[in-house]
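Subject: Structure handover and findings

Hello,

Here is the structure I promised to pass on. Please load it before you read the rest.

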Amino acid sequence: MTEKVSKDILERGESHMDTGGRRTLARQMPRTVHFIGVCGTGMGALALLFREAGVSVRGSDLQAYPPMGDLLRSAGIDIRLGYRPENLDGDVSYVVVGNAVSKGNPEVEELFRRGLPYGSFPETLARFFLAGRDPVVVVGTHGKTTSTALLAWLLHAAGLEPGFLVGGEPKNFQSSSRCGAGPYFVVEGDEYDSAFFDKGPKFLHYRPSFALFTSLEFDHADIYPDLDAIRDQFRRFSALLPKHGSLLVCSEYPGAVEITRDLTCRVETYGYGAGSNWRGVLRQNGSRGLTLDVVERARFVGSFSCPLSGRHNGLNVLGSVGLLHALGVPAERIQDGLTSFLGVSRRQEVLGEADGVVLVDDFAHHPTAIRETLQAIVARYPGRRILAAYEPRTHTSRKKVFQEEYVEAFQDADVAICGRIFRPETVAVEERFRPDLWERELRARGHEAYYLEDLRELEEFLVRGCRPGDLVLFMSSGDFDGVPGRVLDGLRERTCEGRHAPGEHPA
């Protein structure tokens with residue numbers, strides 16, 4: 001907690017037991033909370049938690065795009081566009097500073113001038129919503145959002161009323177966060193930095209009682225120089241688990257397992273390999289979802305079915321089963337929840353179908369995520385030609401650190417398309433990812449690949465070139481500048497006009 005947090009709110013947010021034996025949030029919380037950068041995924045979810053707890057909430061941001069802007073306004077949260085000192089006028093008693101703003105921001109400077117108590121997003125979450133609970137924290141390079149949403153839903157379906165905060169939109173809930181009344185609070189543990197005044201990872205604030213460690217690879221090249229630097233932070237997180245706690249780590253990533261070897265808490269591995277404590281065997285992986293046989297050491301636990309597909313989602317299910325076992329949830333209750341799990345928005349999400357072409361949107365941007373997503377799509381939609389359109393948008397994907405890995409990642413695409421690099425000027429030319437080389441290397445290996453820098457050309461390429469029976473997969477950590485929606489509209493117009501797709505893609 002920063003030194004600027006005043007003494008009178010240090011103990012606020014502790015939980016207590018009500019007369020029914022359930023944990024509820026104490027009412028001693030800040031009267032009015034202001035968020036600087038309120039429309040970020042995590043910031044908005046935290047703002048909704050405060051609002052649910054009965055706190056007056058307002059915030060500022062440069063934009064308030066849907067869905068977060070709409071969610072906040074519908075909850076009665078006042079969003080002010082632009083950063084101005086007067087946004088802190090009134091009875092503001094606490095300020096949450098997002099990691100997208102920096103020192104010099106007009107509101108940051110004003111809160112310093114007024115001496116208002118403030119904190120980063122993760123430390124505020126820990127202080128007011130995790131204290132007195134048993135945090136269940138999901139960490140790792142891949143699978144965090146889906147696993148967090150899955151654990152929250154399975155605990156909810158088991159009647160345990162968890163609190164949760166997911167870095168995405170879980171389709172089973174109307175919000176990405178909830179206070180909850182049960183003992184557990186499920187939170188997505190991000191390894192990205194906390195704020196300009198706290199460059200440590202968010203997950204170091206989360207006081208884990210239980211943890212799921214999904215994966216470990218290099219990412220976030222803007223703040224981590226190499227894999228060793230990331231590994232050190234995951235090691236620091238793992239060491240936070242208390243002796244009575246429990247951690248499940250994915251054995252598909254030996255580097256993650258190595259980090260957890262000397263912990264004092266209970267550590268178990270999960271994966272598809274025979275040496276895992278929790279072993280999964282994929283019995284089905286296709287259009288009807290996946291079915292996973294689970295064995296704990298030599299004991300058959302059960303066969304679990306889920307509407308999701310893909311080898312990586314099988315691991316998400318397997319890790320969740322193992323962790324929920326540590327929480328005492330019976331296998332049959334887990335299966336009941338799995339069958340009704342709807343997933344997370346922008347994770348293999350079907351946008352629509354027009355003229356026989358299915359359009360799917362996914363958040364994939366790391367080469368491993370792209371590879372696994374493509375494999376899942378091929379299994380879920382057998383027989384369809386897959387056109388994979390990708391936008392290099394994150395700082396890491398805009399750099400050349402994964403130049404060769406991106407070539408390998410698209411091997412399962414029938415047609416691979418790379419759009420323009422988002423804000424290329426933020427990366428030095430000599431350090432920048434080269435889509436032209438990516439295209440050249442894929443073609444040299446016999447694959448159909450295109451680098452289409454002009455997004456209007458990319459849209460026309462897809463609208464003109466898709467054939468009935470095709471599937472277009474859009475992959476971006478952002479909105480791809482609205483390309484997916486415009487392609488869907490174009491295909492619908494093509495249908496109305498009775499136009500037919502050409503037999504070949506334009507060169």
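Below is what I found, sorted by topic.

**Confidence**

The model is predicted. Mean pLDDT for the chain is 91. Of its residues, 93% reach 70 or more. Two stretches need care. Over residues 1-27, pLDDT stays under 50. The model still has 61 contacts for that stretch beyond four places in sequence. Residues 503-507 also stay under 50 in pLDDT. There, the model has 14 contacts beyond four places in sequence.

**The five-stranded sheet**

Start with the open sheet. It has five strands in the order 5-4-3-6-7. The pairing is parallel. Which strands stand at the edges? They are strand 5 (78-81) and strand 7 (118-120). Each has a single partner strand, so one side of each is left without a neighbour in the sheet. On average, neighbouring strands here are turned by 20° against each other, direction ignored.

Strand 3 covers residues 32-36, and strand 6 covers residues 94-97. These two pair in the parallel sense over four bridges. Within that pairing, His-34 stands opposite Val-95 in strand 6.

Two helices go with these strands. Helix 1 (residues 41-52) packs on the sheet. It touches strand 3, strand 4 (56-61) and strand 6. The direction of helix 1 makes about 175° with that of strand 3. Helix 4 (residues 121-130) lies across strand 6 and strand 7. It runs at about 105° to strand 7.

**Aromatic pairs**

The structure holds 22 aromatic pairs. One of them is formed by Trp-153 and Phe-173. Its geometry is edge-to-face, at 5.6 Å centre to centre and 70° between the planes. Trp-153 lies in helix 5 (residues 144-157). Phe-173 lies in the loop between strand 9 (163-165) and strand 10 (177-178). The pair therefore ties together parts that are 20 residues apart in sequence. Both Trp-153 and Phe-173 are buried.

A second pair to look at is Phe-203 with Phe-237. The ring centres are 5.1 Å apart and the planes are at 50°, so the pair is tilted. Tilted covers planes that are neither under 30 degrees apart nor over 60. This pair links distant parts of the chain, 34 residues apart. Phe-203 is in the loop between strand 13 (198-201) and strand 14 (210-213). Phe-237 is in helix 6 (residues 227-238). Are these residues buried or exposed? Phe-203 has 0% relative accessibility and counts as buried. Phe-237, at 1%, counts as buried too.

There is also a ring cluster. Ring pairs link Phe-218, Tyr-390, Phe-402, Tyr-406, Phe-410, Phe-433 and Trp-438.

**Arginines over rings**

Arg-393 lies over the face of Phe-422, 3.8 Å from the ring centre. Arg-443 lies over the face of Tyr-450, at 5.1 Å from the ring centre.

**Three single residues**

Leu-240 takes us back to Phe-203. Leu-240 sits in the loop between helix 6 and strand 15 (246-250). What does Leu-240 touch, not counting residues up to four places away in sequence? It touches Phe-203, Leu-204 and Pro-208. Leu-240 has a relative accessible area of 39%, so it is partly exposed. From Leu-240 to Arg-261 is 21 residues in sequence and 14 Å in space, C-alpha to C-alpha.

Ser-345 lies in the loop between helix 9 (331-339) and strand 20 (349-354). Its relative accessible area is 14%, so Ser-345 is buried. Not counting residues up to four places away in sequence, Ser-345 touches Glu-169 and Lys-171.

Glu-459 is found in helix 14 (residues 455-465). Why does Glu-459 count as buried? Because its relative accessibility is 14%, and buried means under 20%. Leaving aside neighbours within four places in sequence, Glu-459 is in contact with Val-483, Arg-486 and Val-487. Glu-459 and Gly-485 are 26 residues apart in sequence. In space they are 9.9 Å apart, C-alpha to C-alpha.

Best wishes

How values were computed:
Residues numbered from 1 in each chain as written. Predicted model: local features only at pLDDT ≥ 70, side-chain atom pairs only at ≥ 80, totals over all residues. Heavy atoms only, no water. Pairing = 2+ DSSP bridges. Axes fitted to C-alpha atoms, helices over the stretch in contact; angles between N-to-C directions. Contact = heavy atoms within 4.5 Å. Buried < 20%, exposed > 50% of the residue type's maximum accessible area, 1.4 Å probe, protein only. pLDDT = per-residue confidence, 0-100. Phe/Tyr/Trp six-rings, centres within 6.5 Å; stacked < 30°, edge-to-face > 60°. Lys NZ or Arg CZ within 6 Å of the ring centre and 35° of its normal.
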